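The following paragraphs walk through one protein model, element by element. Keep the sequence and the structure open while reading.

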Amino acid sequence: MMKTLLLAAGLLTPFSGQDTVQQTVSPQTAGHMVRTVQTITAPHAAPTDFRTLNGISLDDTRADVLKKLGKPLRIKKDMLLLSTEYQYPDVTVGMRDDVVSYVHVDPAAGRIKVNDKWLPLQRKTLDQALGGSQFSAEDGEVYVRGQRAIKVFTDKTSDKPKYVEFFDETEW
């Protein structure tokens with residue numbers, strides 16, 4: 001009976017590891033310990049948002065683009081889209097009112113950089129890396145994160161990417 005009472009009292013008494021912690025930690029650091037948590041994403045996890053394409057954000061201004069990419073090869077007014085295109089060797093940046101409206105990457109680039117990760121311009125690889133498309137159109141696949149989207153335009157006959165565009169879908 002006594003063993004049962006002691007066992008019950010031991011189970012009902014809150015356990016405090018304070019003494020153990022003080023014995024294993026020096027007096028100078030006791031009370032100053034900080035627990036850190038590191039989040040490690042899976043190597044093949046699809047991005048939860050689209051911040052940039054080839055280093056350009058939809059929040060960038062004309063000055064930001066010039067700082068990041070330098071002087072464009074060509075500047076062209078697009079009367080259909082009411083934008084100004086800054087053309088670089090591997091990317092075209094469309095701007096409205098001096099703010100990036102879209103980013104266009106041709107297949108000659110061979111790859112795209114989504115956020116900070118380079119991806120080869122191959123339909124299957126892109127589909128896997130971007131987590132599957134949310135919409136299929138007759139001219140390509142659309143990957144959406146919030147209001148931002150990446151569309152991979154494909155050739156109907158070969159199913160190979162023709163080009164990639166990054167845009168805010170509320171603008172279109």
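The model is a predicted one. A convenient place to begin is Asp-139, which sits in the loop that links strand E9 (135-137) to strand E10 (140-145). Its relative accessibility is 29%. Buried residues are those under 20% and exposed ones those over 50%, so Asp-139 counts as partly exposed. Setting aside neighbours within four places in sequence, Asp-139 has contacts with Lys-151, Val-152, Phe-153 and Thr-154. With Lys-151 there is a side-chain to side-chain polar contact of 2.7 Å. Asp-155 is 16 residues away from Asp-139 in sequence, and the two C-alpha atoms are 7.2 Å apart.

A second aspartate, Asp-78, belongs to strand E3 (residues 74-78). Asp-78 is buried and yet makes no salt bridge. Which side chain of opposite charge is nearest to Asp-78? That side chain is Lys-76, 5.5 Å away, whereas a salt bridge calls for a distance within 4 Å. The side chain of Asp-78 does have a polar atom 3.0 Å from the backbone nitrogen of Leu-80. Leaving out residues up to four places away in sequence, Asp-78 touches Ser-83, Glu-85 and Tyr-102.

Tyr-102 leads on to strand E6, which spans residues 99-105. Six of the seven residues in E6 are buried, so the strand is mostly covered. E6 pairs with strand E5 (residues 92-96) in the antiparallel sense, over five bridges. In this pairing Arg-96 is opposite Val-99 of E6. The two strands form a hairpin with two residues between them, and Asp-97 in the turn has a positive phi of about 55°. E6 is also joined to strand E12 (residues 161-168), again antiparallel, by four bridges. Val-103 has Phe-166 of E12 as its bridge partner.

Next comes the nonpolar interior. Nonpolar side chains in soluble globular proteins tend to be buried together. Here the largest nonpolar core consists of 25 residues, and Leu-53, Val-100, Ile-112 and Val-114 have the most contacts inside it. At least two residues of this core come from each of E5, E6, strand E7 (111-114), helix H4 (123-129), strand E11 (148-154) and E12. E6 gives the largest share, three residues. Another core, of five residues, lies apart from this one and includes Val-142, Val-144, Ala-149 and Phe-167.

Two of the residues with the most contacts inside the largest core, Ile-112 and Val-114, lie on one face of E7. Side chains in a regular strand alternate between the two faces of the sheet. Along E7, Ile-112 and Val-114 point to one face and are buried, while Arg-111 and Lys-113 point to the other and are not. Beyond four places in sequence, the residues touched by Ile-112 are Leu-53, Asn-54, Val-105, Lys-117, Trp-118, Leu-119, Leu-121, Leu-126 and Val-164.

E7 has its own antiparallel partner, strand E8 (residues 117-120), with four bridges between them. Arg-111 is bridged to Pro-120 in E8. E7 and E8 form a hairpin with two residues between the strands, in which Asn-115 takes a positive phi near 55°.

Conventions: Residues numbered from 1 in each chain as written. Predicted model: local features only at pLDDT ≥ 70, side-chain atom pairs only at ≥ 80, totals over all residues. Heavy atoms only, no water. Buried < 20%, exposed > 50% of the residue type's maximum accessible area, 1.4 Å probe, protein only. Contact = heavy atoms within 4.5 Å. Polar contact = N/O pair within 3.5 Å; in protein donor to acceptor, adjacent residues only side chain to side chain. Lys, Arg positive; Asp, Glu negative; His and termini not counted. Pairing = 2+ DSSP bridges. Core = buried A, V, L, I, M, F, W, Y, C linked by side-chain atoms within 4.5 Å.
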